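Here is my note on the structure you asked me to read. Please keep the sequence and the 3D view open while going through the points.

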Amino acid sequence: MKKAKVSELKARLSSYLADVRKGDILVVCDRSTPIARLVPMEEEGEGLKICESAKPIGELQKIR
């Protein structure tokens, strides 16, 4: 896990993002206080699940 100050992150954003893309975790600090964490995106849909409808769309009731 790497740490970077906000000013360092602004100056070298592309480099830090390349490291995160490779799997590293980056903790962003404001002075010495951690304020954020950059982690690689997961290939999964982040918990989003799309379900097939149980009935055809024509059978849905209209909401008034």
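How many bridges join β2 to β3, and do these strands run parallel or antiparallel? The points below begin there.

1. The pairing of β2 and β3. The two strands run antiparallel, and five bridges join them. This is a predicted model, and everything in this note should be read with that in mind. One pair to find in the view is Val28 and Ala36: Val28 stands opposite Ala36, which is in β3. The hairpin of β2 and β3 has two residues between the strands, and Arg31 takes a positive phi near 60° in this hairpin.

2. The overall layout. The protein chain contains two helices and three strands. Reading along the sequence gives the pattern β-α-α-β-β. The protein chain has 64 residues, and 14% of them count as buried. About 6300 Å² of the protein chain is exposed, and carbon and sulfur atoms supply 53% of that area. Among contacts in the protein chain with a separation of 6 or more, 27% are between residues 24 or more positions apart.

3. The nonpolar core. Which residues make up the largest nonpolar core? There are six: Ala4, Leu9, Tyr16, Val20, Leu26 and Val28. Two elements, α2 (13-21) and β2 (26-30), each give two or more residues to this core.

4. Val28 in the core. Val28 belongs to the largest nonpolar core, and its contacts are worth listing. With residues up to four places away in sequence not counted, Val28 touches Ala4, Val6, Leu9, Thr33, Pro34, Ile35 and Ala36. Ala36 in this list is also the residue that Val28 stands opposite in β3.

5. Tyr16 in the core. Tyr16 is another member of the largest nonpolar core, and its place is in helix α2. Is Tyr16 buried or exposed? Its relative accessible area is 6%, so Tyr16 is buried, the cut-off being under 20%. Leaving aside neighbours within four places in sequence, Tyr16 is in contact with Ala4, Glu8, Leu9 and Leu26. Tyr16 and Lys3 are 13 residues apart along the chain, and their C-alpha atoms are separated by 10.0 Å.

6. Strand β3. Why can β3 be said to lie largely in the open? Of its six residues, the number buried is zero, so β3 lies largely in the open. The strand is still paired, since five bridges join β2 to β3.

7. The salt bridges. The count comes to two salt bridges. One is between Lys2 and Asp19, where the closest N and O atoms are 2.8 Å apart. Lys2 lies in strand β1 (residues 2-5) and Asp19 in helix α2, so this pair ties together parts that are 17 residues apart in sequence. The other is between Asp24 and Lys2, with the closest N and O atoms 3.7 Å apart. Asp24 is in the loop between α2 and β2 and Lys2 is in strand β1, so that pair links distant parts of the chain, 22 residues apart. Salt bridges that share partners join Lys2, Asp19 and Asp24 into one network.

8. Exposure within this network. Which of these charged residues counts as buried? Asp19 does, at 14% relative accessibility. Lys2 counts as partly exposed, at 35% relative accessibility. Asp24 is partly exposed too, with a relative accessible area of 32%. Not counting residues up to four places away in sequence, Asp19 touches Lys2 and Asp24.

9. A nonpolar patch on the surface. Which residues form a nonpolar patch on the surface? They are Met1, Ile25 and Val39, and together they have about 310 Å² of accessible area. Val39 is in the segment after β3 (33-38). With a relative accessible area of 45%, Val39 is partly exposed.

10. What to check in the view. Start from Val28 and find its contacts, including Ala4 and Leu9. Then find Tyr16, which is in contact with Ala4 and Leu9 as well. Finish with Lys2, which forms salt bridges with Asp19 and with Asp24.

Technical notes:
Residues numbered from 1 in each chain as written. Predicted model: local features only at pLDDT ≥ 70, side-chain atom pairs only at ≥ 80, totals over all residues. Heavy atoms only, no water. Core = buried A, V, L, I, M, F, W, Y, C linked by side-chain atoms within 4.5 Å. Buried < 20%, exposed > 50% of the residue type's maximum accessible area, 1.4 Å probe, protein only. Helix = DSSP H or I, 4+ residues; strand = E, 2+ residues; numbered from the N terminus. Contact = heavy atoms within 4.5 Å. Patch = residues over 30% accessible without salt bridge, like charges linked within 9 Å, V, L, I, M, F, W, Y side chains within 5 Å. Areas by Shrake-Rupley, 256 points an atom, 1.4 Å probe, with all protein chains shown as cover. Salt bridge = Lys/Arg side-chain N within 4 Å of Asp/Glu carboxyl O. Pairing = 2+ DSSP bridges.
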